[in-house]
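Here are some exercises to help you practise reading a protein model. Try each task yourself with the structure in view, then walk through the solution.

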Amino acid sequence: MTREQFISRVNATQKAFRRFLVALCCGDTMLADDVAQESYIKAYLCCDSLTDSDKFNAWIFKIGYNTFLNHMRGQRLTVGYEDAPDVTANDRADSTFAYQELYEALNKLPSKERTSVLLFYMQGYSVKEIAEIQDTSQDAVKKHLSRGRNHLRGLLSTD
């Protein structure tokens, strides 16, 4: 893949990729931007390994997902779970963001469930494609989707 082809593919997928990362990072736009930047650097450095350029979207999402997981492994929890609702966002746009309740609910999901739900419902990936991105089986993705829907239903219910 040439530099121009890479730039063209990045431009074509940039909005959807960032939207996925913002949701994966539960509304933390600064973290999402950091993960996106690191993902694009990793992708550019190994773009010669991409044999089928038609699979660029799934490939970049997989790199982004793995970069996010690596970043989260390196983080330490600095606020107690019980105190989390009282923490305000650093960015004013985040604190007034229309989907804040959804992000809070997504943040409570295990990462595999959250990623499966986001890729399936937000990005329109198939179960097979999600399984490839997450390096897991299709049955595992179906379980993640089912559990994720049930967890979100319980977290977002207004009973």
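**Exercise 1. Describe the pattern of elements that the protein follows along its sequence.**

Solution. Start at the beginning of the chain of this predicted model and note each element in turn: the pattern reads α-α-α-α-α-α-α-α. Next, count by type: the protein has 8 helices and 0 strands. Then look at burial: of the 159 residues, 36% are buried. Finally, turn to contacts between residues at least 6 apart in sequence: 67% of these join residues at least 24 apart.

**Exercise 2. Work out how H1 and H3 are oriented to each other, and which residues meet.**

Solution. Two packed helices are described by the angle between their axes and the distance between the axes.

- Step 1: find the helices. H1 covers residues 3–24 and H3 covers residues 56–73.
- Step 2: take the distance and the angle. Their axes come within 10 Å and cross at roughly 45°.
- Step 3: classify. Angles under 35 degrees count as roughly parallel and 65 to 115 as roughly perpendicular. H1 and H3 are therefore oblique to each other.
- Step 4: add the handedness. The crossing of H1 and H3 is right-handed.
- Step 5: list who meets whom. From H1 come Phe-6, Arg-9, Val-10, Thr-13, Ala-16, Phe-17, Phe-20, Leu-21 and Leu-24. From H3 come Phe-56, Asn-57, Ile-60, Phe-61, Gly-64, Tyr-65 and Phe-68.
- Step 6: sort them by class. The contact of H1 with H3 has 12 nonpolar, 3 polar and 1 charged residues.

**Exercise 3. Describe the crossing of H7 and H8 in the same steps.**

Solution. H7 spans residues 127–134, and H8 spans residues 138–156. The axes of H7 and H8 come within 8 Å and cross at roughly 100°. Angles from 65 to 115 degrees count as roughly perpendicular, so H7 is roughly perpendicular to H8. On the H7 side, the contact is made by Val-127, Lys-128, Ile-130, Ala-131 and Gln-134. On the H8 side, Gln-138, Val-141, Lys-142, His-144 and Leu-145 take part. Sorted by class, the contact of H7 with H8 holds 5 nonpolar, 3 polar and 2 charged residues.

Now step into the loop between H7 and H8, where you will find Asp-135. Asp-135 has a positive phi of about 55°, although it is not a glycine. Is Asp-135 buried or exposed? Its relative accessible area is 56%. Exposed means over 50%, so Asp-135 is exposed.

**Exercise 4. Describe how H5 crosses H8, then look at Lys-108.**

Solution. H5 covers residues 100–107, and its axis comes within 10 Å of the axis of H8, crossing at roughly 130°. That angle makes H5 oblique to H8. The crossing of H5 and H8 is right-handed. Glu-101, Leu-102, Ala-105 and Leu-106 of H5 make the contact with Leu-152, Leu-155 and Leu-156 of H8. By class, 6 of the residues in the contact of H5 with H8 are nonpolar, none are polar and 1 is charged.

Lys-108 sits in the loop between H5 and H6. Its relative accessibility is 48%, so Lys-108 counts as partly exposed. Lys-108 and Leu-155 are 47 residues apart along the chain, and their C-alpha atoms are separated by 8.6 Å.

**Exercise 5. Describe the surroundings of Thr-115 and Ser-116.**

Solution. Begin with the location: Thr-115 lies in helix H6, and so does Ser-116, with H6 covering residues 111–122. Next, check accessibility, remembering that buried means under 20%. Thr-115 is buried, with a relative accessible area of 0%. Ser-116 is buried, with a relative accessible area of 0%.

Now find the neighbours, leaving out residues up to four places away in sequence. Thr-115 touches Phe-20, Leu-24, Tyr-65 and Gln-134. Ser-116 touches Ile-130, Gln-134, Val-141, His-144 and Leu-145. With Gln-134, the side chain of Ser-116 makes a polar contact, side chain to side chain, at 3.3 Å.

One last distance: Thr-115 and Val-141 are 26 residues apart in sequence, and their C-alpha atoms are 9.6 Å apart in space.

Definitions and conventions
Residues are numbered from 1 along each chain as its sequence is written. This is a predicted model: local features need pLDDT of at least 70, side-chain atom pairs count only at pLDDT 80 or more; totals for chains, interfaces and linings use all residues. Side-chain values use heavy atoms; hydrogens and water are left out. Axes are lines fitted to C-alpha atoms, for helices over the stretch in contact, and angles run from 0 to 180 degrees between N-to-C directions. Helices (H or I, at least four residues) and strands (E, at least two) are DSSP runs, numbered from the N terminus. Angles under 35 degrees count as roughly parallel, over 145 as roughly antiparallel, 65 to 115 as roughly perpendicular and the rest as oblique. A crossing is left-handed if the near helix is turned anticlockwise from the far one by less than a right angle, and right-handed if clockwise. Contact means heavy atoms within 4.5 Å. Ala, Val, Leu, Ile, Met, Phe, Trp, Tyr, Cys and Pro count as nonpolar, Asp, Glu, Lys and Arg as charged, and the others, Gly among them, as polar. Buried means under 20% relative accessible area, exposed over 50%, partly exposed in between (1.4 Å probe, protein chains only). A polar contact is a pair of N or O atoms within 3.5 Å; within protein, one must be able to donate a hydrogen and the other to accept it, and residues adjacent in sequence count only if both atoms are side-chain atoms.
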